[in-house]
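Let's take a walk through a protein together, one piece at a time. Keep the 3D view open and turn it as you read.

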Amino acid sequence: TLVCDLVSVSGGLGDTQFSFRLRQSGGQRNTHFGDDGEYNREAPLTLQRESAHYFGYVYFRQVKDSSMKRGYFQKSLVLVSRLPYVNLFQSLLQLIAPEYFDKLEPCLEAVCNEIDQWPPPVPGQTLNLPVMGIVIQVHATDIPLSNAQNLLPAPLVLPSVHELDLFRCFQPVLIHIQMLWELMLLGEPIVVMAPSPTISSEMVLALTSCLTPLKYCCDYRPYFTIHDSEFKEYTTRTQAPPNIVVGVTNPFFIKTLQHWPHLLRIGELKMSGDLPKQVKVKKLTKLKTLDTKPGNSHLTSVLGIQRKRPSEVQSALLRRHLLELTQSFIIPLEHYIASLMPLQRAITPWKNPPQIRPFRQEDFMKTLEHAGPQLTCVLRGDWLGLYRRFFKSPNFDGWYRQRHKEMTQKLEALHLEAICEANIVAWMKDKSEVEIVDLVLKLREKLIRARCHHLPVKEETLQRVGLYIETIIGSLPEDLQTVLHHQ
């Protein structure tokens with residue numbers, strides 16, 4: 001984790017926190033931690049460390065100060081990470097930023113030294129993270145913590161490393177929650193126009209989380225400005241908008257992004273006096289927008305939400321509703337793709353594993369009559385049309401690639417287990433030396449792959465394959481044994 005001092009924001013006085021995300025440019029995409037692959041294999045898809053993007057978590061302060069040339073003290077502390085731990089890192093900044101603004105570099109150096117000693121995150125484990133005399137305690141996979149461990153001083157317990165208060169984020173747009181879920185599912189281009197970076201970034205992050213447990217596989221920028229390197233790429237009219245959700249606050253984007261198909265405006269944008277005359281607020285009435293205003297939200301009856309309930313209860317209800325919606329949609333796909341897996345009895349030790357059958361969209365569509373989301377979801381609508389559009393989205397491609405990879409690894413694991421159950425000595429009786437050497441090389445390759453890719457294979461099975469390899473080599477002439485042992 002890198003902590004650095006940059007970023008400036010125009011706006012009101014006081015302290016502001018928000019998030020951004022940026023693409024890594026050029027060079028190798030190596031990460032600081034050597035266990036990236038292992039962490040990502042164990043972590044939920046929504047919490048995996050990214051290899052091509054950085055997250056920025058910002059604490060910005062702007063206060064009047066007559067000793068400054070501009071009349072204001074303006075400074076940001078930005079924490080940069082590949083992990084989407086928005087709650088953890090924003091809480092960390094709340095602790096260290098005020099101290100940093102007062103004491104500057106010496107404070108930051110001490111904090112960095114403490115953070116350098118933190119253990120890498122391990123999914124399923126509780127992290128105790130000491131900083132500035134406080135211990136932050138959080139669970140690396142968002143399982144609610146029970147009683148805190150006996151730590152001195154008493155820890156700051158975070159209920160989640162990344163989950164936002166969904167009800168607070170979505171309250172202005174609850175009437176549109178079904179439509180927004182569909183737009184996110186389909187990877188549609190969306191502009192979120194908000195009055196502040198905080199609201200902009202929280203809304204974008206809330207939108208990307210509403211598909212859980214399905215991973216949102218498109219790009220997203222919680223806070224996007226005219227200074228971002230992709231500004232020209234996203235504002236050009238010579239090609240269709242990319243599959244991305246961008247959060248903006250600058251009214252200039254009202255004009256430059258008005259060709260995008262979906263614009264969501266939260267609250268009232270602050271129009272500066274030097275805004276070009278051709279960009280007027282009334283122009284918005286001609287755009288395709290979901291126009292919302294704080295305080296006038298419509299609480300949907302399907303969620304059973306009541307104003308008297310605490311926000312965390314409302315958020316839990318909303319999160320459960322979105323989870324059930326996603327599961328209703330994805331479970332038929334999971335059932336169908338599972339049916340494409342070869343039968344276990346078709347896996348034999350001395351032949352390559354059989355292939356996974358291809359995903360045929362029309363065959364899947366035929367299964368929906370008896371196993372579609374209309375059987376488990378209270379919402380009615382054009383589910384068939386939604387699936388057809390989903391098939392064209394990056395989210396389907398990402399889901400299919402992940403599931404196909406998992407199934408392929410499962411086949412490899414089952415093949416190794418079949419080899420362990422086979423009689424190697426009997427197989428070798430009528431085989432030539434060339435065939436036996438070829439088997440040794442193939443088994444070695446399988447063993448290396450199983451360990452490097454952490455295939456779902458028992459350690460006992462891997463050890464038995466290793467013994468088989470030694471047994472086969474031992475049956476060969478000494479010159480071949482020497483060659484194979486030195487490879």
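How many bridges join strand 8 to strand 11, and do they run parallel or antiparallel? Find strand 8 at residues 190-193, then look across to strand 11: four bridges join the two, and the strands run parallel. To pick out one pair, start from methionine 193, whose bridge partner in strand 11 is arginine 265. Strand 11 itself covers residues 262-266 and is mostly covered, with four of its five residues buried.

Before going on, keep in mind that what you're looking at is a predicted model. Now zoom out for a moment. The protein has 487 residues, and 46% of them count as buried. Its secondary structure comes to 16 helices and twelve strands. There's also a nice number about how the chain folds back on itself: among contacts between residues at least 6 apart in sequence, 69% join residues at least 24 apart.

Next, let's look at a small sheet. Three strands form an open sheet in the order 5-6-7, and the pairing is mixed. Strand 5 and strand 7 are the edge strands, since each pairs on one side only. There's a helix to spot here too: helix 2 (residues 86-103) packs on the sheet and touches strand 5, strand 6 and strand 7. The direction of helix 2 makes about 170° with that of strand 6.

So what does "mixed" look like here? Take strand 5 (residues 126-131) and strand 6, which pair in the antiparallel sense over six bridges. Within that pairing, asparagine 128 stands opposite glutamine 137 in strand 6. Now turn to strand 7 (residues 156-157), which pairs with strand 6 in the parallel sense over two bridges. Glutamine 137 turns up again here, as its bridge partner in strand 7 is valine 157. As for strand 6 (residues 134-139), that strand is mostly covered: five of its six residues are buried.

Stay with strand 5 and strand 6 a little longer, and look at how the chain gets from one to the other. They form a hairpin with two residues between them. One residue to look for in the turn is methionine 132, in the loop between strand 5 and strand 6. Its phi is near 50°, a positive value in a residue other than glycine. Why point that out? Most residues other than glycine have a negative phi. Methionine 132 is also partly exposed, because its relative accessible area is 30%, which falls between the 20% and 50% cut-offs.

Another backbone detail is waiting further along the chain. The peptide bond from threonine 212 to proline 213 is cis, with omega near 10°. Most peptide bonds are trans. You'll find proline 213 in the loop between helix 6 (197-209) and strand 9 (219-221).

Now for a residue in a helix. Glutamate 182 lies in helix 5 (residues 177-185). With a relative accessible area of 24%, glutamate 182 is partly exposed. Leaving aside its neighbours within four places in sequence, glutamate 182 is in contact with Leu386 and Arg389. Glutamate 182 and cysteine 210 are 28 residues apart in sequence, and their C-alpha atoms are 10.0 Å apart in space.

Finally, let's see how some helices pack. Two packed helices are described by the angle between their axes and the distance between the axes. Helix 14 (residues 433-452) and helix 16 (residues 478-485) pack at an angle of about 20°, with their axes 12 Å apart. That angle makes helix 14 roughly parallel to helix 16, because angles under 35 degrees count that way. Helix 14 contributes Glu433, Val437, Val440, Leu441 and Arg444 to the contact, while helix 16 contributes Leu480, Leu484 and His485. Sorted by class, the contact of helix 14 with helix 16 has five nonpolar, one polar and two charged residues.

Helix 16 has another helix to meet: its axis and that of helix 15 (residues 459-474) come within 9 Å and cross at roughly 145°. This contact is made by Glu470, Ile473 and Gly474 of helix 15 and Gln481, Leu484 and His485 of helix 16. By class, the contact of helix 15 with helix 16 has two nonpolar, three polar and one charged residues.

Technical notes: Residues are numbered from 1 along each chain as its sequence is written. This is a predicted model: local features need pLDDT of at least 70, side-chain atom pairs count only at pLDDT 80 or more; totals for chains, interfaces and linings use all residues. Side-chain values use heavy atoms; hydrogens and water are left out. Buried means under 20% relative accessible area, exposed over 50%, partly exposed in between (1.4 Å probe, protein chains only). Two strands pair if DSSP finds at least two bridges between them. Axes are lines fitted to C-alpha atoms, for helices over the stretch in contact, and angles run from 0 to 180 degrees between N-to-C directions. Angles under 35 degrees count as roughly parallel, over 145 as roughly antiparallel, 65 to 115 as roughly perpendicular and the rest as oblique. Contact means heavy atoms within 4.5 Å. Ala, Val, Leu, Ile, Met, Phe, Trp, Tyr, Cys and Pro count as nonpolar, Asp, Glu, Lys and Arg as charged, and the others, Gly among them, as polar.
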